[in-house]
Amino acid sequence: FAIVGILKVAIPTIEAPLIIIQVAFIGAVEFDKERLWFFASMYDSRILFITLEGEMGLLVGCGNNPNFVVSVGGFHPRFSPPPLPFPSPRRIALDLSNNPLYRVRIEGYFAVTSNTVQFGAMAEIGFGLPDFGINGHISFDALFQFSPFYFIVEITASVRLTVFGFDAFSIRLEFTLE
């Protein structure tokens with residue numbers, strides 16, 4: 001059996017919301033496949049003027065294929081999730097500013113599986129026009145595996161100056177602890 005729906009939260013009122021969270025969701029219990037799953041996607045959501053978006057998924061498998069996956073915003077870039085009955089969730093994202101002259105966006109994720117814990121975030125910032133401006137980012141990704149024990153933590157940062165549509169200057173730093 002399955003459940004499909006929409007969840008809408010508006011604070012303080014629906015007529016004048018300061019916070020509005022809207023989520024479309026689907027979930028199912030599949031007895032023949034011995035699993036339960038749930039998937040949700042935010043749409044047209046915001047806190048004041050900050051746009052919110054992203055997805056989350058849950059899979060609980062039992063019987064011959066035991067498995068557990070919960071992901072809010074996706075997975076570590078180097079992780080290959082097991083076959084899921086839903087798409088890999090998009091990052092949870094906040095657009096602090098998104099206009100032609102400047103952009104500030106923050107994304108993040110958190111995932112737990114039967115054998116891992118994963119989390120990460122990225123901030124992007126840009127000033128200027130498409131043919132002339134400065135863009136940069138900083139990101140952090142961590143993956144911890146329990147059996148056999150393994151971990152990887154990655155940090156990246158970059159800055160790029162674009163002049164007349166060409167990269168005039170750029171620098172990228174990558175750090176990995178494994």
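**Salt bridges, cores and a surface patch**

The count of salt bridges in this structure comes to 8. The model is a predicted one, and the points below take up its charged pairs, its nonpolar cores and a nonpolar patch on its surface.

**Charged pairs and their network**

- Arg105 and Asp95 meet through their side chains in a salt bridge, with a distance of 3.0 Å from N to O. This pair links distant parts of the chain, since Arg105 lies in strand β7 (residues 102-113) and Asp95 in strand β6 (residues 92-98), 10 residues apart.
- Arg105 has a relative accessible area of 14% and is therefore buried, the cut-off for buried being under 20%. Asp95, at 11% relative accessibility, also falls under that cut-off and so counts as buried.
- Arg105 also takes part in a salt bridge with the side chain of Glu107, at 2.9 Å from N to O, and both Glu107 and Arg105 are buried.
- A network of salt bridges links Glu53, Asp95, Arg105 and Glu107.
- Another salt bridge joins Arg172 and Glu174, whose closest N and O atoms are 2.8 Å apart. Glu174 counts as exposed because its relative accessibility is 54%, and exposed means over 50%.

**Nonpolar cores**

- In soluble globular proteins, nonpolar side chains tend to be buried together.
- The largest nonpolar core in this model has 11 residues, among them the aromatic residues Trp37, Phe39, Phe75, Phe79 and Phe86, together with Ala28, Leu59, Val69, Ala111, Leu143 and Ile152.
- Phe86, one of the residues of this core, touches Trp37, Phe38, Phe39, Gly57, Leu58 and Leu59, when residues up to four places away in sequence are not counted.
- A second core, separate from the largest one, has 5 residues, including Val23, Phe25, Met42 and Leu52.

**A nonpolar patch on the surface**

- Ile134, Ile138, Phe140, Ile155, Val159, Phe169, Ile171, Leu173 and Phe175 make up a nonpolar surface patch of about 800 Å².
- Strands β9 (132-145), β10 (150-163) and β11 (166-177) each supply at least two residues of this patch, and the largest share, 4 residues, comes from β11.
- Ile134, one of the patch residues, is placed in strand β9. Its relative accessibility is 44%, so Ile134 counts as partly exposed, a class that lies between buried, under 20%, and exposed, over 50%.

Key
Residues are numbered from 1 along each chain as its sequence is written. This is a predicted model: local features need pLDDT of at least 70, side-chain atom pairs count only at pLDDT 80 or more; totals for chains, interfaces and linings use all residues. Side-chain values use heavy atoms; hydrogens and water are left out. A nonpolar core is a set of buried Ala, Val, Leu, Ile, Met, Phe, Trp, Tyr and Cys residues joined through side-chain atoms within 4.5 Å. Buried means under 20% relative accessible area, exposed over 50%, partly exposed in between (1.4 Å probe, protein chains only). Contact means heavy atoms within 4.5 Å. A salt bridge is a side-chain nitrogen of Lys or Arg within 4 Å of a carboxyl oxygen of Asp or Glu. Patches are made of residues with over 30% relative accessible area and no salt bridge: like charges are joined within 9 Å, nonpolar side chains (Val, Leu, Ile, Met, Phe, Trp, Tyr) within 5 Å. Accessible areas come from the Shrake-Rupley method with a 1.4 Å probe; for residues, only the protein chains shown count as cover.
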